[in-house]
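Q: I am new to this structure and would like a close look at a single part of it. Please take one helix and the turn that follows, and explain the terms along the way.

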Amino acid sequence: MADQKFSDLTVSQIITFLNIAETLNMSQSAENLFVGQPTISKRINDSEKK
């Protein structure tokens, strides 16, 4: 079910995804969210696995 997959995402993964969609730039998103770019990459990678 699509709803179950969506509910498996963490709040930080959703916020990260939305910020990347808004900025279209992972480095800018990392700066906006006060994390490193590797953290952004890990959040997206982890969300793709769910």
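A: What follows describes one helix, one residue in it and the residue just after it.

This is a predicted model, in which local features need pLDDT of at least 70, side-chain atom pairs count only at pLDDT 80 or more, and totals for chains, interfaces and linings use all residues. Residues are numbered from 1 along each chain as its sequence is written, and side-chain values use heavy atoms, with hydrogens and water left out.

Helix α2 covers residues 11-23; helices (H or I, at least four residues) and strands (E, at least two) are DSSP runs, numbered from the N terminus. The end C-alpha atoms of α2 are 18 Å apart, which agrees with the 18 Å that its 13 residues should span at 1.5 Å a residue (the expected span is 1.5 Å times one less than the number of residues).

Gln13, Thr16, Asn19 and Ile20 are the buried residues of α2. They sit on the same side of α2, because they cover an arc of only 130° around the axis (the arc is that of the directions from the helix axis to the C-beta atoms). Val11, Leu18 and Glu22, on the other side of α2, are exposed. Buried means under 20% relative accessible area, exposed over 50%, and partly exposed in between (1.4 Å probe, protein chains only).

The buried residues of α2 pack against α3 and α4. Asn19 counts as buried because its relative accessibility is 13%. Beyond its neighbours within four places in sequence, Asn19 is in contact (heavy atoms within 4.5 Å) with Ser29, Asn32 and Leu33.

Just after α2 comes Leu24, with a positive phi of about 55°. Most residues other than glycine have a negative phi. Leu24 is found in the loop between α2 and α3 and is exposed, with a relative accessible area of 74%.
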